[in-house]
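Here are a few short exercises to work through with the coordinates open beside you. Each one sets a task and then walks through a solution step by step.

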Amino acid sequence: MGKPTGFMEYERETSAAVKPKVRIKNFDEFHEHLPLQKQMLQGARCMECGVPFCQSGMTLCGMTSGCPLHNLVPEWNDLVYTGNWEQAYKRLKKTNNFPEFTSRVCPALCEAACTCGLNGEPVATKENEYAIIENAYEKGYAAPKPPKVRTGKKVAVVGSGPSGLAVADQLNKRGHSVTVYERSDRVGGLLMYGIPNMKLEKRIVERKIKVMEEEGVIFVKNTDVGRDIKPAKLLKEYDRVVLACGASNPRDINAPGRDAKGIYFAVDFLKANTKSLLDSGLSDGSYINAKGKNVVIIGGGDTGNDCVGTVIRHGCKSVTQIEMMPKAPEKRAEDNPWPEWPKVLKTDYGQEEAIAVFGHDPRIYETTVKEFIKDKEGSVKAVKTVKLSREKDPETGRVSMQEIAGSEQILDAELVLIAAGFLGSQKYVTDAFGVETDARSNVKTLPGGYQTSAGNVFVTGDMHRGQSLVVWAIREGREAARAVDESLMGYTNLLVQ
């Protein structure tokens, strides 16, 4: 431990966010990070606990506590404090292929489990991670490092999201020749088109892709495997195929009037916005514009919040975010003790911006959509909602949300975005490869395994475990790469943690 009393001497300090009314003028990242000298003091706050819950990645009451990648958090926090930035980078990269992504978009499971957070403020681990990786690019530590020896084995990865990239990165480092197929016009999957630019600038994704290309990974874009290329062709050309296509089926809202014009899935809305932003700075108009419209967003999670931030940048007239679940408490409840994930109210950047622009939180809780109301042209003009209450079945003990009679409300809406999550992998891909799926349409494997029911075909990421976090996608990718490597070579020296 660099400074045993650091957590008592130094207060937690994190990057300052640009004020909401200023940052909504563009789609740029909006945090002003600490200089390295100040960030080093944040490393001093780490207690290097005897039991580092921050890196445990264990499941408590159905929730993850600590980092699923088992990042060596106390080690590189200490190295940050002592100024050993190159060694900190090497320790960070032992467990995390893409700290440039997780330091921006991860919800910091490590910080929620930090021992300092039990009676005070947790260590600013996420921002220490950001400082390590950005300094590594600046100093050249993160430069391409192609493998010195090739095995002669070829692997195809279908999908270039975080899990697919992690598989490719690991297998390439092992010396296998890896080709990644992406159906979109840009590489990155969720990282490119599912996460808005203000959370993860796309130059950051492109920077890492360039490094991977120089290390030998081949990327093939605009190619939809299962449609443009038949699986038999891949299985003939490659020794193994890894499916990393994500959980791409958006959950729909089956209410009267659903066929109205002006209702879109959030994933389509966000993708169109980012593509137009990258192609033309939004000047081509080929995106779903919320300017001057009343917007209703169905879904209270991260994607819903991203939609809030995006429509505000468009200049929407109003925005309402509908959440089925009750409002979370401001502080931990007694039945939610540390180091469990804190089930507390989170007001994210989009909601902060809505409060600044419109004067109130855009979220309404315990509410669902009862009907989409059309105008004469068949376009949505309003949404009828109804309040919900939690009811417990006296026989089974199961809790469900029930409508409250007479609680209907009409919300003006010329644009509706459905951000209700995803149901699993897309059928045309699983059918094409002939892999078995479970009741949630995730691809089936043996418990803890990544080999599918089809010969030489593996699976990873959301397509395997269902919709989850970027950090879990990377963990899955690392584990799948290890399984693929062992099947190819008869043994593996790839590390998962």
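## Exercise 1: the sheet and its neighbour

In this predicted model, an open sheet of five strands runs in the order 9-17-10-11-12, with parallel pairing.

**Task.** Find which strands are the edge strands, then work out which helix packs on the sheet and what it touches.

**Solution.**
- Step 1. Look for strands that pair on one side only: these are strand 9 (263-265) and strand 12 (363-364).
- Step 2. Move on to the helix that packs on the sheet, which is helix 14 (residues 266-280). Helix 14 touches strand 9 and strand 17, and its direction makes about 80° with that of strand 9.
- Step 3. To see one pairing in detail, take strand 10 (residues 294-298) and strand 17 (residues 415-418), which are joined in the parallel sense by four bridges. Here Val295 stands opposite Leu415 of strand 17.

## Exercise 2: salt bridges within a helix

**Task.** For the salt bridges Lys233 to Glu237 and Lys427 to Asp431, give the N to O distance and say where each pair sits.

**Solution.**
- Step 1. Between Lys233 and Glu237 the closest N and O atoms are 2.7 Å apart, and for Lys427 and Asp431 the value is 2.5 Å. Both fall within the 4 Å cut-off for a salt bridge.
- Step 2. Lys233 and Glu237 belong to helix 13 (residues 231-237), with a spacing of four residues, about one turn of the helix.
- Step 3. Lys427 and Asp431 are likewise four residues apart, in helix 17 (residues 427-433), so about one helical turn separates them.
- Step 4. Now check accessibility. Lys233 is partly exposed at 44%, and Glu237 is partly exposed at 34%. Lys427 counts as exposed at 57%, while Asp431 is partly exposed at 48%.

## Exercise 3: a link across the chain

**Task.** Which parts of the chain does the pair Glu121 and Arg12 link?

**Solution.**
- Step 1. Confirm the contact: the two side chains, Glu121 and Arg12, form a salt bridge at 4.0 Å, N to O.
- Step 2. Place the residues. Glu121 is in the loop between helix 8 (116-119) and helix 9 (125-139), whereas Arg12 is in the loop between helix 1 (6-9) and strand 1 (16-17). The pair is 109 residues apart and links distant parts of the chain.
- Step 3. Read off the exposure: Glu121 is partly exposed at 46%, and Arg12 is partly exposed at 26%.

## Exercise 4: the wider count

**Task.** How many salt bridges does the model hold, and which residues are linked in a network?

**Solution.**
- Step 1. The count comes to 35 salt bridges.
- Step 2. Arg23, Arg313, Glu352 and Glu353 are linked in a network of them.

How values were computed
Residues are numbered from 1 along each chain as its sequence is written. This is a predicted model: local features need pLDDT of at least 70, side-chain atom pairs count only at pLDDT 80 or more; totals for chains, interfaces and linings use all residues. Side-chain values use heavy atoms; hydrogens and water are left out. Helices (H or I, at least four residues) and strands (E, at least two) are DSSP runs, numbered from the N terminus. Buried means under 20% relative accessible area, exposed over 50%, partly exposed in between (1.4 Å probe, protein chains only). Two strands pair if DSSP finds at least two bridges between them. Contact means heavy atoms within 4.5 Å. Axes are lines fitted to C-alpha atoms, for helices over the stretch in contact, and angles run from 0 to 180 degrees between N-to-C directions.
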